[in-house]
Amino acid sequence: MIQKVLVANRGEIAVRIIRSCREMGIESVAVYSDADRSAMHVRYADEAYRLGPAPSTQSYLNIDAILSIAKKSGAHAIHPGYGFLSENADFANRIREAGLIFIGPSAEAIDAMGDKMRARALMQKAGVPIVPGTSALAEDEDEIKKMATQIGYPVMIKASAGGGGKGMRLINNEKELINGVRRAKSEAQTAFGNDAVYLEKYLLEPHHIEYQIMADNFGNVVHLYERECSVQRRHQKVVEETPSPFLTPQLREQMAQQAIAAAKSVNYSGAGTIEFLVDRDRNFYFLEMNTRLQVEHPITERVTGFDLVKAQIQVARNEPLSFGQKDVKQIGHAIECRIYAEDPTHNFVPSPGLVKHISEPLGLGVRTDGYVYEGYEIPMYYDPLISKLIVWAPTRKAAIQRMKRALYEYKITGVKTNIAFVQKIMEANDFVEGNYNTHFIANNFDFLMQPDSNCGDCEDIAMIMAFLDYQNKQNKRHDFARQRQTGQSNWKNVGRLFRHNPY
Ligand code: MV4
């Protein structure tokens, strides 16, 4: 039924999906923009087809182009990955109308969970706790004021068509309310073409904890435990871990049951994630449901041992899940650091460009899901994620030590990265003690932005590379070759030189 899959994505997730396809004996079809002509997913796939120019709207968001290639290549199914069209109900519908299989949930489930007010109403009906708040806001300003007073300030205004932090506005008192609602509606109309907004009680210092769900077409819904995702910068997750150091065993089980109830309430099929906010008194509330595989899925794969992409394809093949709830255990502790081509010293501005050198960590309990290689040009058009560094160890303390070791080994020159930033996160007391929430980065920003002692190595490497480039440009290749013949390593000498006498 599914022997050839078109991967409608790029970067690390496209490589990740192609790997599972190859292990399943399924042919893979890559699609690429002009900026991705020499990208790793193009090399790894069995076939590759050009989508169009670099801008996403003309390539990875171009439904007609993707469907045309699916037809031309004879693909049986399309995997959307995450981002791009992965939560676009119209894309799912058009794939099925074309007689192909969309590897994901029904368009109805995507639609329902994409409308945040509708999702809240569905969850409330299913008995899943939601944040105290309103459904659709009244037009009348006095009515809105009454609602906000009933909820209690501070309140959050949220866009129904928003999500992931987009279209949110914090209101501290009644004076800010009406103007805040007007602006939130206007911004929502501009951003999403839908001005519907609603109010929620603002939860102080919450944790952002999500549950992985896997469901098949036969009513089987299994949870694969939680991921702690509170280390975020401007709604961009940076570090995720499982198990969460904040959950008690009882709370873990309670939330798991509610996650399953949430999935069942929309007849969910495939991989999905139920996001919760957990306040400092350990009350938990449904936040959003993501109807796609998430960036941070590998930490769940590592502690449970299940390949979630394979499970997605098996469900899309209309097979029952190959595992039941009794087969899902949390073994050990896994942490993921997202490695971005961005410059923390310049407000995390993206840092596309030529990768001059990359050496990735290996060794016991280390996995990197990436797509960047030496000589690759990181394009400016897309998300600056270079890779995810995932480590596993028997305990949280050992996992942090292993992550610090792996980050120390991770060397990338030619572009700026956030490696030094995430190294500091691993050293921060609140993180090490497991005593942090969604305010962690804001509360520790000065410490996290301190120049890192380890970073000297990165500078050495960069300087060595610069020196070697200089030397080569001075046509001193023969010197280098001669030194190699005499066994006198240029690298060691240069490294020693720079380590103690930086410019
Ligand atoms: C909230 C909240 C506190 N109270 N809602 C929604 C989208 C998700 N990415 C973050 N969201 C939040 N919703 C209520 N009623 C706190 C968050 C939140 C957050 C908010 C602002 C800045 C960073 C944040 C990180 C995680 C969670």
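This passage looks at a parallel sheet and some of the helices around it in a predicted model. Local features were taken at pLDDT of at least 70, side-chain atom pairs only at pLDDT 80 or more, and totals for chains, interfaces and linings from all residues. Residues are numbered from 1 along each chain as its sequence is written, and side-chain values use heavy atoms, leaving out hydrogens and water.

Start with the sheet: it is open, with five parallel strands in the order β3-β2-β1-β4-β5. Strands here are DSSP E runs of at least two residues, helices H or I runs of at least four, numbered from the N terminus, and two strands pair if DSSP finds at least two bridges between them. β3 (47–52) and β5 sit at the edges, each pairing on one side only. β1 (residues 4–7) and β4 (residues 77–79) run parallel and share three bridges, with Leu6 opposite Ile78 in β4. Helix α1 (residues 11–23) packs on this sheet, touching β1, β2 (27–33) and β4 (contact means heavy atoms within 4.5 Å).

As for α5 (residues 107–114), its buried residues (under 20% relative accessible area, 1.4 Å probe, protein chains only) are Ala107, Ala109, Ile110, Ala112 and Met113. These pack against α4 (89–97), β5 (101–102), α6 (116–125) and β13 (284–290).

α4 also meets α3: Ile63, Asp64, Ile66 and Leu67 in α3 contact Asp90, Phe91, Arg94 and Ile95 in α4. By class, that makes five nonpolar, no polar and three charged residues (Ala, Val, Leu, Ile, Met, Phe, Trp, Tyr, Cys and Pro count as nonpolar, Asp, Glu, Lys and Arg as charged, and the others, Gly among them, as polar).

Key:
Buried < 20%, exposed > 50% of the residue type's maximum accessible area, 1.4 Å probe, protein only. Axes fitted to C-alpha atoms, helices over the stretch in contact; angles between N-to-C directions.
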